[in-house]
Amino acid sequence: MILVTGATGSVGYNVIRELHMSGCEVRALSRNPKKVSFPEGVEATAGDLTKPETLQAALNGVEKVFWVLPLDADFNFPKLARQHGVRHIVLLSALAVDFGSDNAIARLHLDAEQAVRESGADWTFLRPGGFMTNSFQWAHSIRSEGIVRIPFGDISTPSVDSRDIAAVAAKALSTDGHEGKIYSLTGPEPLTPRQQVHILSDLLGRDLGFETLPDDIARQYMLRQMPAEIVDAFFDLNRQGFSTVLPTVEEVTGRAPFTFKQWATDHIDAFR
Ligand SMILES: NC(=O)c1ccc[n+]([C@@H]2O[C@H](COP(=O)([O-])OP(=O)(O)OC[C@H]3O[C@@H](n4cnc5c(N)ncnc54)[C@H](OP(=O)(O)O)[C@@H]3O)[C@@H](O)[C@H]2O)c1
């Protein structure tokens, strides 16, 4: 049995689909598993990763776990999983770990990697860069005003499709030889947000405005939604950027990663 956490999220949901298609027994964990429908045969279970007392049934009979971190992650989870007999933990970490533990986003993922290493289970770390799904944050202003206003509009990054991260995770969970491996993952092409908005504009058949927000205005807006150290970490990551395209998705899955245009085509209804 494989337990997939973050099961209602962009990566976890696709991990479940991939594992189910390859015939694995899968259990899906969410605080509210009823909010999405899983493929027939997938066992949906309710549990909160920050409340160990809610996880006993979910971990029963599980051999492998896909761990997606909440912002307030409980780093005892890997030890608890190991105590229930889990042999292998595949962690959704982040490329941001390269920034070191002064950066709060890097620290969250470094602490989780350390907790997995110390649990005694076999491990595989997936370290993706920025997700294409981050563009969903633009959907509201595109729909209501036809404009995107964000900081760092001209910094390019090879953002990655959650389906590609999920495909790598599913390989690591269902085939041999991934123990002790760190997979750093990007999409196939560096694009700036401005270029991504052009692609959305072409697909929508509608001109879209684009404004690069000054840092101080963007900061005030973000502070209404997240803690200051996460906002600082986000600015730090984006200022330094990361534009190198990595071959890992294709090396592990045997197929090329999705482009932003492919992702946008498949999700364009969210922007209409
Ligand atoms: N966005 C990026 O650019 C980026 C880059 C690198 C790494 N990452 C990593 O990717 C993760 C997000 O992955 P994603 O996009 O697939 O997630 P997502 O779509 O944002 O969904 C979050 C998932 O986490 C679950 N969750 C949150 N808190 C939980 C809790 N206390 N107990 C149980 N489940 C909980 C949610 O389940 P319910 O709400 O249904 O309980 C949901 O399934 C981040 O946390 C980060 O570690 C993100």
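Select Ser30 to begin: this residue lies in strand β2, which covers residues 26–30. The model on screen is a predicted one. Ser30 counts as buried because 23 C-beta neighbours fall inside 10 Å, and the cut-off for buried is 20 or more. Leaving out residues up to four places away in sequence, Ser30 touches Ala7, Thr8 and Ala46. For a sense of scale, add Ala218 to the selection. Ser30 and Ala218 are 188 residues apart in sequence, and their C-alpha atoms are 31 Å apart in space.

**The ligand**

Keep Ser30 shown and select the ligand. Which residues are closest to the ligand? They are Gly9, Val11, Ser30, Arg31 and Pro70, out of 25 residues that surround the ligand. By class, this shell has ten nonpolar, 13 polar and two charged residues. Helix α1, residues 10–21, gives the largest share of the shell, namely three residues.

**Helices α1 and α6**

Stay with α1 and add helix α6, residues 162–174. The axes of α1 and α6 come within 8 Å and cross at roughly 50 degrees. At that angle α1 is oblique to α6, because an angle that is neither roughly parallel, roughly antiparallel nor roughly perpendicular counts as oblique. The crossing of α1 and α6 is right-handed. To see the contact, select Ser10, Val11, Asn14, Val15, Glu18 and Leu19 on the α1 side. On the α6 side, select Ser162, Arg163, Ile165, Ala166, Ala167, Ala169, Ala170, Leu173 and Ser174. Colour these by class: the contact of α1 with α6 has nine nonpolar, four polar and two charged residues. Val11 appears here in the contact with α6 and is also among the closest residues to the ligand.

**Leu185 in strand β8**

Next, select Leu185, which is found in strand β8, residues 181–185. Is Leu185 buried or exposed? Leu185 is buried, since 23 other C-beta atoms lie within 10 Å. Its contacts, not counting residues up to four places away in sequence, are Leu126, Arg127, Pro128, Val160, Asp164, Ile165, Val168, Leu246, Thr248 and Val249. One of these, Ile165, is also part of the α6 side of the contact with α1. Now add Glu250 to the view. Leu185 and Glu250 are 65 residues apart in sequence, and 9.8 Å separates them in space, C-alpha to C-alpha.

**Strand β7 and the loop after it**

Move to Ile147, in strand β7, which runs over residues 147–150. Ile147 is partly exposed, because 14 other C-beta atoms lie within 10 Å; 12 or fewer would count as exposed and 20 or more as buried. Apart from its neighbours within four places in sequence, Ile147 is in contact with Ser141, Leu208, Gly209 and Glu211. Add Ser201 as a further marker: Ile147 and Ser201 are 54 residues apart in sequence and 10.0 Å apart in space, C-alpha to C-alpha.

From β7, go on to Phe152, in the loop between β7 and α6. Check its backbone angles. Phi of Phe152 is near 55 degrees, a positive value in a residue other than glycine. Phe152 is buried, because 20 other C-beta atoms lie within 10 Å.

**Helices α8 and α9**

Select helix α8, residues 215–223, together with helix α9, residues 228–240. The two helices pack at an angle of about 140 degrees, and their axes are 10 Å apart. This angle makes α8 oblique to α9, because only angles over 145 degrees count as roughly antiparallel. The crossing of α8 and α9 is right-handed. Which residues of α8 and α9 meet? Asp215, Arg219, Met222 and Leu223 in α8 meet Ala228, Val231 and Phe235 in α9. By class, this contact has five nonpolar, no polar and two charged residues.

**Ile230, the last stop**

Finish at Ile230, in helix α9. Ile230 counts as partly exposed because 17 C-beta neighbours lie inside 10 Å. Setting aside residues up to four places away in sequence, Ile230 touches Ala104 and Ile105. Then add Pro214 to the selection. Ile230 and Pro214 are 16 residues apart along the chain, and their C-alpha atoms are separated by 18 Å.

Conventions: Residues are numbered from 1 along each chain as its sequence is written. This is a predicted model: local features need pLDDT of at least 70, side-chain atom pairs count only at pLDDT 80 or more; totals for chains, interfaces and linings use all residues. A residue is near a molecule or strand if its C-beta atom, placed from the backbone, lies within 6 Å of it. Helices (H or I, at least four residues) and strands (E, at least two) are DSSP runs, numbered from the N terminus. Ala, Val, Leu, Ile, Met, Phe, Trp, Tyr, Cys and Pro count as nonpolar, Asp, Glu, Lys and Arg as charged, and the others, Gly among them, as polar. Two residues are in contact if their C-beta atoms, placed from the backbone, lie within 7 Å. Axes are lines fitted to C-alpha atoms, for helices over the stretch in contact, and angles run from 0 to 180 degrees between N-to-C directions. Angles under 35 degrees count as roughly parallel, over 145 as roughly antiparallel, 65 to 115 as roughly perpendicular and the rest as oblique. A crossing is left-handed if the near helix is turned anticlockwise from the far one by less than a right angle, and right-handed if clockwise.
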